[in-house]
Amino acid sequence: MPHNRGDAGQGDLTRARLAAIVTSSPDAIVGTTLAGVITDWNPAAERLFGYTATEAVGQPAALLTPPDLAPLLDTLLERVRAGERVEKLELSGQVRDGQRLDISLSVFPVRDEAGEIVASSAIARDITDRKLAEAELAAAHERSQELLERITDGFYALDRAWRFTYVNDAAERMLGRSREDLLGVSIWEAFPPTVETVIYDIYHRAMAEGVAASAEVFYEPLDTWFEGRAYPSPNGLSVVFQDVTERKRLARDLRVSEAKYRDLVQHLPALVYVQANDQLQTPLYFSPYLEPLTGYRPKELLARETHWLAKVHPDDRARVADEDGLALIEGRPLRIEYRYRRKDGSYIWVHDESVPIRDEAGAIVGFHGVLFDISERVRAEEERARLAAIVEAAEDAIISCTLDWTIASWNRGAEKLYGYPAEEAIGQPVTMLRPPERFDDFSHMADRVHAGESIEGVETELLTRDGRRVEVSLSLSPIRNTTGDVVALASIARDMTALRQAERALRIRDRAIAAATNGIVITDARRPDNPIIDVNPAFEAMSGYGREEVIGRNCRFLQGPFTDWAVKLRIRDAIARGHDVTATILNYRKDGSSFWNELHIAGVRDEAGALTHFVGIQNDVTERVEALATLLESEARLRGVWESTQDAMVLTDPEGGILAANPAYGELYGIAPAALVGQSFAVVMPEGEREAAVTTYRASFAGPDSRRTYDLRVRRADGSEREVEVRSDFIEIEGERQAMISALRDVTDRKRLEQSLRRALEAAQAATRAKSLFLSMMSHELRTPLQAVLGYADLLLLGPPASLTTEQREDLTSIRQGATRMMGLIEQMLDLSRMEAGRLELAAEPVDVSEIVEQVRQDIAPQAAVKGLRLEIDIPAALAPALGDPDRVRQILLNLAGNAVKFTERGAVSIAADAVDGIVQVAVRDTGIGITAEALPHIFEEFRQVDGNLTRRYGGAGLGLAIARRLAEQMGGTITVESMPEVGSTFTLSLPAARYAGARRRGVRRRSATAANG
């Protein structure tokens, strides 16, 4: 059908557009006949293959195909003639000079208006650069895999679906699974128990947050401890891990081997020491490493008579002394570094760490420390500091590279920054500066620059020639040729190490100022009225003003109505002159209260010497000022005491010369005090003792004791001798002993009295020993006939019932009861005599209190039943055994329980036991007659009862409680009593608990019944 003019015009426009697209296309577009003859050839084809359109049109398409690919060309033409489209086939093409290039080829049929295939069209794209990049990436991947296979750490990679994508040899060994079993499998399916461990949470958090995370976990199925770190990436997680089971075992073994501490200290390559908390911090122990470290043998320094600070370098001594004193005041460990003088006079840097040793009351009695030689580390730090200074002054490092990252140029700044000379760096891959873990970061940046993008100011780390890492601000930009294609790239790296260190130092300084205990104020001397620009928290706490309230104000707002004008003028004059000034001034807080402020103001100047700021250091010295005022006020009172005290007082210098003496001192010796001043204190001693006394006195100034009390024999002016008691103490100024003050008291008469009392005491002790001997002898003599009486009484009572009348049996029973009481009294007398003679030996073994209480209950139950009393026993489960003699514990409890039954007419007697804080307590309570407050202090005395009436009514010699208390004390325990008349008494036996393994547990015994019922 013919087309009208409008259709023809539209067709011409479409063909013009298609021609423009073909001409401007960056891809080569080639048209051929179905026989393979070239009919169309665009400019991109000319650039790609090197033939002009005139040269190419009319030639066979085989012109563009290497000979070995000719069959492939025929196959493609057959597929096109069959109406098939071939998309993005990658193969080799051949350019005009015969070289090959990699192309991506798409071929499709061209149809006429009737739909018949009349020709073919091909689109070719140069993919040579991409192929090269893929080859390089494959080689890098192969190298990284080879490295991962060689490392001893386990490594595996997971995709974002948690499937294993890579597992190295070490991981196979540690996990006990082959990579064939793991690749493509989810970690949670391969190792289900890990879902219940911390690994699950850490891996998910690392994947979600994109932040590396580490963990240490025990994997029970393998009986193994693993320590690993997960590194997230856009593709998933990379995990590096180690088997730390052995390390864990070693840690456990280390804890077990704490008993070997002493042997470790002896061989430790560091000095372990112990010193006392006295004025000289006297050394008590040095480990053998002392000699290799300092050149001194332990015995040399153990005999030192000076403070250990004397061996600290003079430039470090004040700092170390301040820190040591502050640590002692705060009761905290000391950690400090300083220079220490060795025996040969050389100095070494040491790191000193010591902790306080406390007694049971919490008081610091000494210090235990370790001294390390850190000279090498200090020298290394000094070397690093010098290197950092060089790097800080260096110029920016400028490098240019080809697209394959080969270094093409290298300036002096790069030489300074990275350490490689230009001739060594050029031609090398720039990746030698890249840390291994930053591979992905650099690859991403390279892709962006290859695409023509510039990257500015990326902060990262790079490696130097000697393996150091430097923090740099990195800028990358593409280098283009005349046609605008990216042919290389440029890198500018600015060393940020010094800047970052300075920023960290500033943060440390700011934290130090904020943490300072002194108030700190900074003012701007360049602005009118010198306003405050900053204060620290200590100033806020001291003044009560907040930081926002004081910024911009002059410090005068702290002054008040009673601030000394002379001090204010002196401070203002110093500030006006730009001078430093120190003053103590009365200031006022926000709440109106006053405080004394010890103020030090120092000027801060710039490099040109111009004054820029003032720094004020403030310290609240109110207590010190008030104490000084109190001291001045008390000075007059002290002078009165010196003149009027009855004790002789004398002040002497280190050589023993008398500096001052009070009137009582002159009276003691019969010499006017003024005549003694300037002479040696030994002038008043017997002549033969003077030289030794002066020698001892001088030695005491270097000794550790600060206070001394001793007796002394002195000679008066009239020739008589007196005994005096001396109490002396040192007067120290700035830590050095300057004088000794001594108080002397005439004790001649007291000594004579003490001697008389001593003779009387010896006589009394002899009489006591004689009494004990007599009691022992008499007890043994009385025992023999009483045993015969008891034996015959028992024999008669046990005879046939008809052999005795009722009256005779009652008489024999009375005889037996009296003899039994007499035998008990004799046994008490024997115990008492053994105790007084020190011959009573007691066992020290675990005592089952529950069992003994049960025995006592059985013994007293008949007597309680006769009186109708309730017996109540309360013994808790798992009662700890007591430490003592079982027989004597039973004797004590039987005495206490027997007394309770004896002195109780109605109600109950209870025995309860408990263990509290390592003490086993047994309380015996009754509802008996009780004890008056007047009699209570005397009930444990020998041969004492509450009163004579009770003795006659209840019987007894008054020895039972006295013996019970002595037995308890000899076993390390006590007996206490609480009582009220007509209410009852409670006697409590307390004994130390015997703690040992395998103590038997018993149920609670609780009985409450009348004794008549058992």
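The exercises below, each with a worked solution, concern a predicted model.

**Exercise 1.** Identify the residues that touch the most other members of the largest nonpolar core, and the elements that give two or more residues to this core.

*Solution.* Begin with the membership: the largest nonpolar core has 46 residues, and of these I892 and F987 touch the most other members. Next, turn to the secondary structure, where the elements that give two or more residues to this core include the helices α29 (849-867), α30 (886-902) and α32 (960-970), together with the strands β32 (870-875), β34 (908-916), β35 (919-926), β36 (974-980) and β37 (984-992). Then take F987 itself, which, leaving aside its neighbours within four places in sequence, is in contact with L896, V922, A923, V924, I931, I939, F940, L961, I975, T976 and V977. Such a grouping may be read against a general tendency, namely that nonpolar side chains in soluble globular proteins tend to be buried together.

**Exercise 2.** Describe how α30 and α32 pack, giving the angle, the handedness and the residues that meet.

*Solution.* For the geometry, the two helices α30 and α32 pack at an angle of about 145 degrees, and their axes are 10 Å apart. As for the handedness, the crossing of α30 and α32 is left-handed. Finally, the residues that meet are R888, Q891, I892, N895, L896 and N899 on the α30 side and G960, L961, I963, A964, L967 and A968 on the α32 side.

**Exercise 3.** Work out the strand order of the open sheet of five strands, and explain why one side of β12 and of β13 is left without a neighbour in the sheet.

*Solution.* The order is β12-β11-β15-β14-β13, and the pairing is antiparallel. Because β12 (283-286) and β13 (334-341) stand at the edges and each has a single partner strand, one side of each is left without a neighbour in the sheet. From one strand to the next, the twist averages 25 degrees. At the β12 edge, three bridges join β11 (residues 271-276) to β12, and V274 stands opposite Y285 in β12. Lastly, helix α14 (residues 314-330) packs on the sheet, where it touches β13, β14 (347-358) and β15 (364-373), and the direction of α14 makes about 150 degrees with that of β13.

**Exercise 4.** Classify C401 and C555 as buried, partly exposed or exposed.

*Solution.* The cut-offs needed are under 20% relative accessible area for buried and over 50% for exposed, with partly exposed in between. C401 has 1% relative accessibility and therefore counts as buried, whereas C555, at 27% relative accessibility, counts as partly exposed. The structure holds zero disulfides.

Conventions
Residues numbered from 1 in each chain as written. Predicted model: local features only at pLDDT ≥ 70, side-chain atom pairs only at ≥ 80, totals over all residues. Heavy atoms only, no water. Core = buried A, V, L, I, M, F, W, Y, C linked by side-chain atoms within 4.5 Å. Buried < 20%, exposed > 50% of the residue type's maximum accessible area, 1.4 Å probe, protein only. Helix = DSSP H or I, 4+ residues; strand = E, 2+ residues; numbered from the N terminus. Contact = heavy atoms within 4.5 Å. Disulfide = S-S within 2.5 Å. Axes fitted to C-alpha atoms, helices over the stretch in contact; angles between N-to-C directions. Left-handed = near helix turned anticlockwise from the far one by under 90°. Pairing = 2+ DSSP bridges.
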